[in-house]
Amino acid sequence: MQAVSEHSPIQSVHRSSNSIKPKLLGPIASASAIASAAGSNAGRRPVLRQLLEEEDEDMAPASRRELLHKDHFAFVFGSVKTQNYLDPVSKGPGSHTIRTLAWNPTGQLIATGSADRTLRIWNPERPHVRYSTELRGHTAGIEKALFNPVRDAELASCSADGTVRFWDVRSKTCVSRLDVGGEAFTLSWSADGSTMIVGKKDDTLIPVSVKFPSSPTAHPDGVNALNLPSTPSATTYTALDPHPQTVQTNATTFSWCMPTSERPEQQAFVTTGEGKVKIMSYPSFDIIHTLNAHTSACLSIALAPTGRYLAVGGSDALISLWDTTDWICRRTLSSENGGAIRGVSWSFDGRYIVGACDELGCGGNGLEIFHAESGDSIYTIPTAGINAGVSAVAWHPSRYWLAYSTTTDGPGSSSAGGLKIVGAAGGGL
């Protein structure tokens with residue numbers, strides 16, 4: 001592991017005449033508030049409770065809760081158990097590569113999307129496949145899946161089959177399908193769930209308008225959430241005019257700001273093959289700010305739940321952390337395993353970050369977890385197989401549970417990969 005100082009050459013910033021205001025990227029009060037309903041501390045072992053501390057004021061999410069100090073992280077994670085979730089379609093190494101993971105807002109369900117077209121919803125508390133459900137309809141590999149941040153039972157997925165599908169996971173049905181006219185491989189929701197941006201492999205961004213009649217509430221019963229009858233909905237999904245990009249476009253995410261009548265514009269972050277991050281005004285798609293983030297392609301991006309840092313993963317095997325108040329690169333993170341960073345995920349408190357590299361061998365020495373504020377590598381999760389790669393990672397929205405999937409193929413492989421969740425099998429987190 002290597003933490004590069006803030007004087008790294010990749011920190012250079014290009015500012016347009018229209019500078020972005022720091023307050024536009026303040027802490028979120030929507031998804032964090034919803035997710036906090038699932039994060040009860042009941043039943044934790046006393047030794048873990050002693051290792052938890054009250055959150056720092058500058059790192060605080062919307063709701064107060066006990067947080068895990070970096071000095072205790074390795075002890076705690078080393079003492080909890082990892083739960084494996086075995087999909088019956090997996091026949092052996094390399095046969096069932098999970099490309100995307102997504103928790104619902106309350107953390108009661110997690111979706112997995114695979115190269116073999118399998119889209120499955122799991123109950124993390126009940127790992128047997130009979131408590132899961134498969135959503136069928138895509139005719140090619142699943143590239144990305146994300147739950148609506150304000151609707152706990154609404155999932156969106158995109159596929160190389162050229163469609164974006166919206167699912168009601170309670171009724172296990174596809175409620176809408178959009179043909180986007182090409183291979184869709186990435187998508188992102190706005191914080192209020194009213195807008196989505198779909199990215200295609202031809203470097204075209206397609207906005208999607210989502211209109212629903214009322215604000216739904218999260219269902220408290222995680223065990224039976226998959227078996228509830230579906231409520232008829234008047235939700236409509238409309239693909240708007242496409243926005244072709246002039247450079248390779250790899251990933252998108254929205255800021256945490258909610259649109260208002262006084263400020264209807266939102267901000268979207270777009271990574272490019274030139275090593276830049278474009279900050280765009282939505283829905284105009286005007287570029288209002290540009291970060292010269294990496295020396296090679298920027299592949300993944302994630303905004304911390306606190307809004308303090310923007311994390312960018314690159315093909316140069318680095319994760320750069322950008323301060324959203326002044327858009328300076330504070331530090332970069334590097335794993336000893338190397339490899340392109342195709343996914344990044346923040347813990348709910350914005351303190352810890354992890355990256356995914358699906359190249360064979362990247363996970364051979366384990367999956368490293370970093371402390372964002374110091375840049376220290378504080379714990380490494382063992383991964384099976386000398387040729388293992390980590391294809392996807394996703395922190396729980398309100399607990400110190402970490403979901404990840406591995407790719408295992410070739411000599412030395414001993415596992416069929418699949419979903420794993422650190423903490424879900426017990427240990428008190």
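Is K201 buried, partly exposed or exposed? In this predicted model, K201 has a relative accessibility of 47%, so it counts as partly exposed. Its salt-bridge partner is E183, with N and O 3.5 Å apart. K201 sits in the loop between β15 (195-200) and β16 (204-211), while E183 sits in the loop between β13 (173-179) and β14 (184-189), so this pair ties together parts that are 18 residues apart in sequence. E183 is likewise partly exposed, at a relative accessible area of 40%.

The salt bridges of the model number 14. One of them joins R120 and D87, whose closest N and O atoms are 2.6 Å apart. R120 belongs to strand β8 (residues 119-122) and D87 to the loop between β5 (82-85) and β6 (98-103), so the contact ties together parts that are 33 residues apart in sequence. R120 is buried, with a relative accessibility of 6%, and D87 is buried as well, at 7%. The pair is part of a network of salt bridges that links D87, R120, E134 and R136.

Another salt bridge connects D71 and K70, at 3.7 Å from N to O. Here D71 counts as exposed, since its relative accessibility is 56%. K70 has a relative accessible area of 22% and is partly exposed; the cut-off for buried is under 20%.

Disulfides are absent: the structure holds zero of them. Two cysteines can be placed by their accessibility. C174 is partly exposed, with a relative accessible area of 31%, whereas C298 is buried at 0%.

The next topic is the nonpolar interior. The largest nonpolar core has 36 residues, and F77 and I369 are those with the most contacts inside it. Strand β31 (residues 389-395) supplies the largest share of this core, with five residues. What is I369 in contact with, leaving aside its neighbours within four places in sequence? Among the residues that come before I369 in the numbering, the contacts are F73, F77, Y352, I353 and V354. Further along the chain they are D376, S377, I378, Y379, I381, W395 and L402. The contact list of I369 thus includes F77, the other residue named for its contacts inside the core.

Strand β16 offers a second buried position. V210 lies in this strand and counts as buried, with a relative accessibility of 3%. Leaving aside neighbours within four places in sequence, V210 is in contact with E154, W189, G193, S194, T235, T236 and Y237. For W189, which is 21 residues away along the chain, the C-alpha atom is separated from that of V210 by 9.8 Å.

Strands β21 and β22 can be followed as a unit. They run antiparallel and are joined by six bridges, and they form a hairpin with three residues between them. S281 stands opposite D286, a residue of β22. How many of the seven residues of β22 are buried? Five are, so β22 is largely enclosed by the rest of the structure.

The turn of this hairpin carries backbone features that call for a look at the torsion angles. Most residues other than glycine have a negative phi, and most peptide bonds are trans. Against that background, the peptide bond joining Y282 and P283 is cis, with omega about 15°. P283 is found in the loop between β21 (276-282) and β22 (286-292). F285 is in this loop too, and it has a positive phi of about 65° although it is not a glycine. The side of the turn at F285 is not open to solvent by the accessibility count: F285 is buried, with a relative accessible area of 10%.

K172 also has a positive phi of about 65° without being a glycine. Its place is the loop between β12 (163-168) and β13. What is the exposure of K172? K172 is partly exposed, at a relative accessible area of 40%, whereas F285 is buried.

Methods. Residues are numbered from 1 along each chain as its sequence is written. This is a predicted model: local features need pLDDT of at least 70, side-chain atom pairs count only at pLDDT 80 or more; totals for chains, interfaces and linings use all residues. Side-chain values use heavy atoms; hydrogens and water are left out. A nonpolar core is a set of buried Ala, Val, Leu, Ile, Met, Phe, Trp, Tyr and Cys residues joined through side-chain atoms within 4.5 Å. Buried means under 20% relative accessible area, exposed over 50%, partly exposed in between (1.4 Å probe, protein chains only). Helices (H or I, at least four residues) and strands (E, at least two) are DSSP runs, numbered from the N terminus. Contact means heavy atoms within 4.5 Å. A disulfide is a pair of cysteine sulfur atoms within 2.5 Å. A salt bridge is a side-chain nitrogen of Lys or Arg within 4 Å of a carboxyl oxygen of Asp or Glu. Two strands pair if DSSP finds at least two bridges between them.
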